[in-house]
Amino acid sequence: MRDGNEKFPCLRTTHTLTISLNQQVKNNRKYIFFIGIMALFFVGYLIADNILFNGIRPQSISENGFQANYFVKEDTKSKATVILIGGGQWGDYWAEQFAKKEMVGLSIPYTGKEGLPRLPEEIELEYFESAINWLRNQPEVDPNKIVVMGASRNAELALVIASTFTESISGVVAYAPSAVSWSNTVLPYNSNELKSSWKYKGVDIPYVPMNKIIGNESNKIEMLEYWKRGLAKSDFVIQAAIKVEKINGPILLFSGNDDKVWPSSLMADMIEKKLDDNNFKHSFQNIKYDNAGHLISNNPDDNSSSRNGRIHIDGKDYEYEFGGNDDGDFKAKQDAKMKLIEFLKEL
């Protein structure tokens with residue numbers, strides 16, 4: 001038998017068309033609903049972003065001879081500026097903190113990114129000179145209040161930069177500092193050929209030559225003795241001592257007395273003696289914390305910290321201690337941040 005629609009093809013066509021239209025309406029409703037939800041999310045994001053936005057959006061810089069993230073509020077004019085040597089998450093954190101305090105922060109890496117050296121050896125100081133010259137021409141920056149800041153080996157580099165560009169740099173902040181420049185071979189992942197870590201105008205910055213650190217049969221390694229053996233090379237130490245007495249501005253040093261990565265408190269004292277011997281005319285602070293280790297430059301609001309690091313030597317991973325304890329590190333970080341902001345406000 002044939003149904004009624006077969007008798008009347010036009011009815012079957014109409015029925016099919018009606019079903020198709022109904023399905024299209026349903027699909028359109030779903031599409032409109034989806035678009036509506038996405039619009040609500042977008043509007044909500046804009047509202048939240050407007051509420052939470054603190055006036056600081058980093059500007060990524062990849063020209064002018066250097067790479068960096070530039071942190072500053074839009075209405076900032078002629079303020080103190082801090083160059084965060086090494087960049088990365090650490091540099092970005094501190095640069096934003098300074099921008100929140102109505103200052104300027106430049107977080108500048110110098111290795112490990114496309115267009116930058118792969119290894120931290122024979123790093124040319126002209127790279128940082130380009131960044132300094134660029135900063136001096138920015139309306140947000142007071143060219144007479146540019147400070148460099150670094151931690152650990154980046155503190156070493158910050159002190160080298162400040163002692164080289166004395167007409168442009170107005171002060172230094174160094175966490176867990178070094179009193180001397182070291183050879184590239186202090187880092188096990190660098191090349192085996194002995195080289196300077198830093199150089200300027202094609203000339204090596206004098207350094208303490210070091211053999212690469214060697215492993216042992218255990219899974220742990222002690223770091224301090226390695227560096228102390230280097231500091232015992234008195235002739236090289238004299239030659240490689242950073243010329244901190246030439247720095248044209250105040251110096252602020254932070255170190256932990258229980259630093260087990262390298263003897264930062266000892267080297268801070270070496271810096272202090274060199275400044276005293278040369279009648280340093282600017283202010284100087286050598287602040288040391290008990291129960292604190294190597295990581296006191298990290299986020300001061302973070303009450304937890306890793307107590308151990310890992311280092312790869314000759315195909316094997318070793319564990320080493322940072323020193324200090326959670327409470328000692330936290331108190332040191334909090335106090336150091338307060339003293340750091342005071343230091344910068346007094347420039």
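Which residues are linked with Lys199 in a network of salt bridges? They are Glu122 and Asp204. Keep that network in mind, since we will come back to charged pairs. One caution before we go on: this is a predicted model.

Let's start with the sheet. Eight strands make up an open sheet, and the pairing is mixed. Reading across, the order is S1-S2-S4-S3-S6-S7-S10-S11. Which strands stand at the edges? Strand S1, residues 59-61, and S11 do. Each has a single partner strand, so one side of each has no neighbour in the sheet. On average, neighbouring strands here are turned by 15° against each other, ignoring direction.

Now look at the S1 end. S1 pairs with strand S2, residues 68-71. The sense is antiparallel, and there are three bridges. You can check the register yourselves. Gln59 stands opposite Tyr70 in S2. Ile61 stands opposite Ala68 in S2. The hairpin of S1 and S2 has six residues between the strands. One of the hairpin's residues to look at is Asn64, which takes a positive phi near 65°.

Step across to the other side of S2. There S2 pairs with strand S4, residues 104-108. Again the sense is antiparallel, over three bridges. Find Phe71, and you will see Gly105 of S4 opposite. A general point on strands: in a regular strand, side chains alternate between the two faces of the sheet.

Next, a helix. H9 covers residues 326-345, which is 20 residues. From its first C-alpha to its last, H9 reaches 29 Å. The expected value at 1.5 Å a residue is 28 Å, so the two are close. At the start of H9, look for Asn325. A side-chain oxygen of Asn325 comes to within 3.2 Å of the backbone nitrogen of Asp327.

Which parts do the buried residues of H9 pack against? The list has strands S3, S6, S7, S10 and S11, and helix H3. The buried residues of H9 include Gly328, Asp329, Ala332, Lys333, Ala336 and Lys337. Further along H9, Leu340, Ile341, Phe343 and Leu344 are buried too. Why do such positions recur? An α-helix has 3.6 residues a turn, so residues three or four places apart point the same way.

Asp329 deserves a second look. Asp329 has 2% relative accessibility, so it counts as buried. It forms a salt bridge with Arg307, and the closest N and O atoms are 2.7 Å apart. Arg307 sits in the loop between S11 and strand S12, and Asp329 sits in helix H9, so the pair ties together parts 22 residues apart in sequence. Is Arg307 buried or partly exposed? At 23% relative accessibility, Arg307 counts as partly exposed.

That brings us back to charged pairs. Side chains of opposite charge can pair when their charged atoms come close. How many salt bridges does a search of the whole structure find? The count is 13. Here are two others to compare.

Take Glu156 and Arg153 in helix H5, residues 153-164. Their side chains meet in a salt bridge at 3.0 Å, N to O. They are three residues apart, about one turn of the helix. Glu156 is at 0% relative accessibility, so it counts as buried. Arg153 is at 11%, and also counts as buried.

Then take Glu321 and Lys260. Their salt bridge is 3.5 Å, N to O. This pair links distant parts of the chain, 61 residues apart. Glu321 belongs to strand S13, while Lys260 is in the loop between S10 and helix H8. Glu321, at 38% relative accessibility, counts as partly exposed. Lys260 is partly exposed as well, with a relative accessible area of 29%.

Last stop: Ser183. Where is Ser183 found? Look in the loop between S7 and strand S8. Ser183 is at 0% relative accessibility, so it counts as buried. A polar atom of the Ser183 side chain lies 3.1 Å from the backbone nitrogen of Met210. Leaving out residues up to four places away in sequence, Ser183 touches several others, among them Leu194, Tyr207, Val208 and Pro209. Arg153, from our H5 salt bridge, is another residue that Ser183 touches.

Notes
Residues numbered from 1 in each chain as written. Predicted model: local features only at pLDDT ≥ 70, side-chain atom pairs only at ≥ 80, totals over all residues. Heavy atoms only, no water. Helix = DSSP H or I, 4+ residues; strand = E, 2+ residues; numbered from the N terminus. Buried < 20%, exposed > 50% of the residue type's maximum accessible area, 1.4 Å probe, protein only. Contact = heavy atoms within 4.5 Å. Polar contact = N/O pair within 3.5 Å; in protein donor to acceptor, adjacent residues only side chain to side chain. Pairing = 2+ DSSP bridges. Axes fitted to C-alpha atoms, helices over the stretch in contact; angles between N-to-C directions. Salt bridge = Lys/Arg side-chain N within 4 Å of Asp/Glu carboxyl O.
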